[in-house]
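I opened my notebook to look up two things here: how the chains meet, and what one of the pockets is made of. Have a look along with me.

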Amino acid sequence: MEKGRELLRILATDCGSTTTKAILIEKKGGEYRLVVRGEAPTTVEAPFEDVTRGALNAVREVEELTGRELLDGEKLIYPAKDNRGIDIYVSTSSAGGGLQMMVAGVVKEMTAESAARAALGAGAIVMDVIATNDRRKPHKRIELIRDLRPDMILLSGGIDGGTVSHVVELSETIKAADPKPRFGTGYKLPVIFAGNVDAREAVKERLEDKTALSIVDNLRPVLERENLGPARDAIHELFMEHVMAHAPGYKKLMKWTDVPIMPTPGAVGALIQTIAKKQNINVMGVDIGGATTDIFSVFNGIFNRTVSANLGMSYSVSNVLTEAGMENVLRWVPFSLSRDALGNRVRNKMIRPTTVPMSLMGLKLEQALAREALRLALVQHKEMAVGLKGVQQERTISDAFEQVATGVTLVNMMELDLIVGSGGALSHAPRRVQAALMLIDAFQPVGITRLAVDSIFMMPHLGVLSTVHEKAATEVFDKDCLIRLGTCIAPVGNAPAGKKALELTIGEEIITINSGEMKLIPLAEDEKISAVIKPSKYFDMGEGRGREVAASLRGGVVGIILDCRGRPLALPENEKERFAKLNRWNSALSIYPDAKEE
Amino acid sequence: MAHAYTPGLKVTTNIKLRKERRLPLKGNVVVNIGDKVSAETIVARTELPGDVETLNLAGKLGVMPSELAQFMKKKEGDPIKKGEIIAESSGFFGLFKSQIESPIKGTLETISDITGQLILRAPPMPVEIDAYMDGKVADIIENEGVVVESKVTFVQGIFGIGGEARGIIQPIVNNPKEVVEADLIDESHRGKVLIGGSYVTKEALEKAVRVGVIGIVVGGIGDAVLKEFLGYEIGVAITGNENKGITLIVTEGFGKMNMSPAAFKLLSQHEGDRASINGATQIRAGVLRPEVVVPLEESSEIRKSKDYSKGLEKGELVRIIREPYFGTIGKVVELPPNLENIETESSVRILKVRVEDGKILTIPRANIEIIEA
């Protein structure tokens with residue numbers, strides 16, 4: 001990248017565990033737009049064992065699709081001129097299972113939880129959390145570290161000037177475990193210490209020889225404040241220097257990119273934060289993959305990310321059934337299915353994870369499972385995205401040490417402005433309205449919430465780009481990345497079926513909807529309307545029961561969805577009644593092609 | 001992604017199979033290239049670091065951690081015996097001495113003057129790996145293990161439980177459609193690897209464990225049967241460490257499913273032969289499938305396995321691997337290059353398959369696997 005030069009053409013890749021995706025962005029008429037996307041199988045594993053092969057193949061597909069010349073042999077051409085060359089190349093990576101970390105802190109609910117948030121926010125999978133008060137015997141902790149073989153350990157603990165001995169004890173545990181990294185036996189395991197400044201020397205003494213130790217600012221310098229930035233930056237740096245550098249082909253790829261390679265979820269998190277900040281909104285992003293479901297949220301400027309490691313639609317689909325239970329999956333299915341048949345079907349998907357539903361029945365079942373995976377992932381996210389625990393007034397650290405969890409979740413669905421979904425189940429749903437309803441059923445948004453999907457999973461590319469060129473990243477995100485589904489209007493409360501739920505006034509027109517019903521009002525993607533929503537005495541749109549709210553509603557490929565089924569949403573236990581309700585809603589929103597016949 | 005297809009499970013004979021046998025940590029390889037090995041031959045050894053025990057010495061002596069050094073009878077790195085005195089406090093005027101004994105045999109690893117803890121480590125534990133199958137050592141992976149090579153009959157399953165085992169092959173049904181019921185199993189099946197048909201009941205599995213059957217290979221198993229047998233539900237398909245006293249290999253999937261005729265025929269032909277089996281399954285990147293390996297005579301002819309890198313071709317025998325046609329076998333008759341809409345309204349790459357009754361089905365390419373027979 002030439003310093004100071006205006007970027008005309010940007011190339012970005014995301015090396016996923018199975019597919020490497022490349023996108024090309026160009027500046028046209030003063031704004032940045034996506035030109036094309038190419039993809040190729042990732043080549044981290046045998047027989048290629050070189051990630052750059054897949055990246056080059058994906059870039060070649062971009063060349064073929066656009067007619068641009070970007071490569072000279074295996075070298076990227078700089079700078080962009082006419083139909084040749086690029087100005088910057090950026091990349092993310094989750095190949096080889098992503099970044100797997102363990103975190104440790106003194107108090108589980110305090111420093112250890114802050115450390116877990118720092119690791120998750122940086123894009124890691126947190127394999128386990130070790131804490132002085134986790135009730136495990138020291139030798140069990142040592143065994144755990146040794147067995148899990150993390151890529152990196154984040155050690156925190158103690159506010160500045162607080163406990164030293166507990167932090168040192170944790171460092172001694174790590175030393176005794178003498179952990180070996182997953183990739184390559186010839187290098188030391190990276191350990192980041194982000195705890196009490198007073199413990200630095202003692203930690204250094206114990207870990208410097210056995211590990212690749214980095215010391216950064218305390219991630220919880222005082223009880224009342226987290227300082228996760230330095231720990232997250234150190235994670236990104238060490239991810240590149242130690243973990244990725246030992247994965248096949250990455251040394252080469254690192255030389256090609258103009259900014260450091262980011263872990264894929266870390267990049268998505270960066271983008272979600274940029275969007276929330278730029279538009280001054282509360283955002284939630286969800287990526288439902290084959291093995292995991294990631295949720296990112298920004299509420300009132302506070303960013304959180306969680307990974308539900310075993311909730312996914314292919315490799316982990318069987319675990320969704322196990323964790324959700326058969327009843328919870330079957331409640332979304334509008335036809336009779338025996339428990340045996342459900343169990344066999346889901347386990348068959350587990351052992352043949354790459355298959356796709358080919359009957360409508362199969363699709364409905366798959367989407368029922370997706371609802372449950374999303375619902376469970378949100379439950380986990382709400383538990384993790386909480387205010388700081390242990391910050392009551394006038395307490396000493398020893399008091400706080402024993403206190404029970406006091407953090408309240410930051411996830412406030414009424415204040416949520418936008419949900420962005422991605423991952424196969426949402427992005428490739430045959431009808432966009434199916435993605436919208438899956439998000440609504442699983443997350444049960446309340447008040448007014450915009451819904452969108454990232455149709456081609458471009459958020460990682462734009463996330464890493466946002467770290468060097470925010471304008472390009474946000475322009476492409478706004479115009480090409482998102483497919484706006486529309487807006488969901490859902491009042492809180494429940495009322496007997498048939499009672500009026502709300503009135504929606506758009507200009508002269510008044511639309512009334514009863515409790516237990518759903519309605520779809522078409523409104524195109526680029527349209528905005530002003531409306532007044534007046535809930536009945538049973539319902540609340542955020543201003544109190546029966547109080548009206550005025551809002552500007554944005555359209556989408558689906559439109560405005562009025563959801564007056566009640567919150568919390570309760571489905572009838574009686575099978576016949578439930579089928580009837582599901583089919584009525586399906587029909588109101590035209591979810592499936594056979595909605596009317598069933 | 002033009003070559004997207006699912007490579008099928010291998011059901012084949014007279015092939016050369018190479019198996020890597022690696023230690024979990026670096027160690028010593030104890031065989032040489034070219035050595036003939038049997039399945040039980042130990043090929044490499046190492047020692048795992050011993051378990052760690054912590055001892056709150058400062059607490060036990062009632063002293064400050066920083067004072068510990070003066071009470072220590074042993075120093076870091078010293079070997080220790082169980083019951084041996086490792087620290088002693090002097091007490092008042094030589095009275096009321098506290099003596100602290102080592103709770104384990106091993107080494108004194110660290111003494112912390114900050115936490116007051118001692119870390120003691122038990123002696124290392126020996127770990128050995130065997131050759132798994134009869135054959136010869138084809139390669140040495142320095143300090144880590146070997147590659148064992150053998151001419152074999154090789155049948156992969158789709159899902160299994162239980163780890164590596166060896167036993168004599170014994171078909172107990174007459175055709176691949178038959179169910180393995182408990183009354184088919186008796187004492188004579190001890191030490192055997194039983195070849196079943198379409199299904200195995202929970203009672204049959206339990207009886208097999210009781211009589212000492214080594215393994216069962218069968219077409220399908222019910223999700224509920226597996227759950228009852230294991231005592232828990234399988235969440236993620238990572239198996240191999242179940243200690244149920246038997247290795248189970250499922251060749252087709254969950255539910256009642258006829259074993260593929262090719263697999264049934266091939267395994268039945270090996271009645272009385274010794275097989276190495278493994279139920280370990282990992283359905284992740286770097287997939288691991290369960291398997292039955294039957295080593296063959298050296299002199300038998302090696303068959304070249306087909307090159308599947310070119311992808312799918314017309315005339316290929318395939319199995320449908322998704323409901324509503326799960327398990328149906330047919331021949332590819334058409335491979336349209338363009339995406340087509342299917343019943344779900346998804347636009348996917350499809351193929352057309354002529355199945356047994358002559359009907360032609362349109363199936364997403366992701367939902368078939370090539371039968372590599």
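Entry 1, the contact. I counted residues as touching when their heavy atoms come within 4.5 Å. This is a predicted model, and on that footing I found 52 residues of chain A and 57 residues of chain B in the contact. Together chain A and chain B bury about 4400 Å², with 55% of that on carbon and sulfur atoms. I then asked which three residues supply the most of the area chain A buries against chain B. They are I351(A), R352(A) and M358(A), with 19% of it.

Entry 2, polar links. I looked up the salt bridges across the interface of chain A and chain B and got six. One I noted is R347(A) with D223(B), whose closest N and O atoms are 2.6 Å apart. For polar contacts between chain A and chain B, my count is 21 residue pairs, both residues at pLDDT 80 or more.

Entry 3, chain A's side. I checked which element gives the largest share of the side that touches chain B: α11(A), with nine residues. By class, I sorted that side into 20 nonpolar, 17 polar and 15 charged residues.

Entry 4, the second largest pocket. I read its volume as about 610 Å³. I listed 20 lining residues, and A116(A), L120(A), V126(A), V129(A) and M384(A) lie nearest the centre. The elements giving two or more residues to this lining are α2, β8, β15 and α12 of chain A, and β8(A) has the largest share, five residues. I sorted the lining into ten nonpolar, four polar and six charged residues.

Methods. Residues numbered from 1 in each chain as written. Chains lettered and ligands numbered in written order. Predicted model: local features only at pLDDT ≥ 70, side-chain atom pairs only at ≥ 80, totals over all residues. Heavy atoms only, no water. Buried area = accessible area lost by both parts, 1.4 Å probe. Salt bridge = Lys/Arg side-chain N within 4 Å of Asp/Glu carboxyl O. Polar contact = N/O pair within 3.5 Å; in protein donor to acceptor, adjacent residues only side chain to side chain. Helix = DSSP H or I, 4+ residues; strand = E, 2+ residues; numbered from the N terminus. Nonpolar A, V, L, I, M, F, W, Y, C, P; charged D, E, K, R; others polar. 1 Å grid on protein atoms, 1.4 Å probe; cavity = no way out; pocket = protein on both sides within 12 Å on 5 of 7 lines; lining within 4 Å. Points joined across faces, edges and corners; volume = space filled by probe spheres on them.
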